[in-house]
Amino acid sequence: MKILILNGPNLNLLGKREPSIYGNVTFNEFLESLTKKYADVGLEYFQSNVEGELINKLHEVGFSYQGIIFNAGAYTHTSVAIGDAIKGIETPVIEVHISNVYAREKFRHQSYIAPNAKGVIAGFGLQSYELALESFL
Ligand code: DQA
């Protein structure tokens, strides 16, 4: 089973970025423990701050992988192009967020991903990714 974890802009700064919201664990630390725990799953990881690179990755894996766990960061709330890319691929996408975007500013309540996603998991910290993975399994 091939599952991609895809992270968008500013998520490379996890551990340093606004720790009161996003915690102080780096994504690499978290990914290491997740990969160990789910050693029999073909987990792949890609992060980019560039919208087009995220779209290219969706196209690349979107007809062969079994699932995509996608935290598009702020592009969630702005990117029609990413929403269209998800509509155009076959692999199911679960939208995830570390924070509870619905308890934050109003502009974070809008998602261009959710209408095309299998489901949305938000507000459970880094555990949001693991819950999405469990759902695919
Ligand atoms: C986020 C929430 C977004 O609103 C924000 O722009 C992010 C992170 C989250 O994981 O909580 O970059 O996607």
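How many nonpolar, polar and charged residues does the shell around the ligand have, by class? I counted four nonpolar, five polar and two charged. I took Ala, Val, Leu, Ile, Met, Phe, Trp, Tyr, Cys and Pro as nonpolar, Asp, Glu, Lys and Arg as charged, and the others, Gly among them, as polar.

Setup. I worked on a predicted model, where local features need pLDDT of at least 70, side-chain atom pairs count only at pLDDT 80 or more, and totals for chains, interfaces and linings use all residues. Numbering starts from 1 along each chain, and side-chain values use heavy atoms, without hydrogens and water.

Shell. I listed the residues near the ligand (a heavy atom within 4 Å). Among them are Tyr-22, Gly-73, Ile-98 and Val-101.

Polar atoms. I looked up side-chain atoms facing ligand oxygens. His-77 places a polar atom 2.7 Å from one ligand oxygen atom. For Asn-71 I read 2.8 Å, and for Arg-108 2.8 Å. The protein covers 98% of the 320 Å² of accessible area that the ligand has on its own (Shrake-Rupley, 1.4 Å probe).

Pocket. I found the ligand in the largest pocket, that is, more than half of its atoms lie within 2 Å of the grid points. The lining has six nonpolar, six polar and three charged residues by class.

Key: Polar contact = N/O pair within 3.5 Å; in protein donor to acceptor, adjacent residues only side chain to side chain. 1 Å grid on protein atoms, 1.4 Å probe; cavity = no way out; pocket = protein on both sides within 12 Å on 5 of 7 lines; lining within 4 Å.
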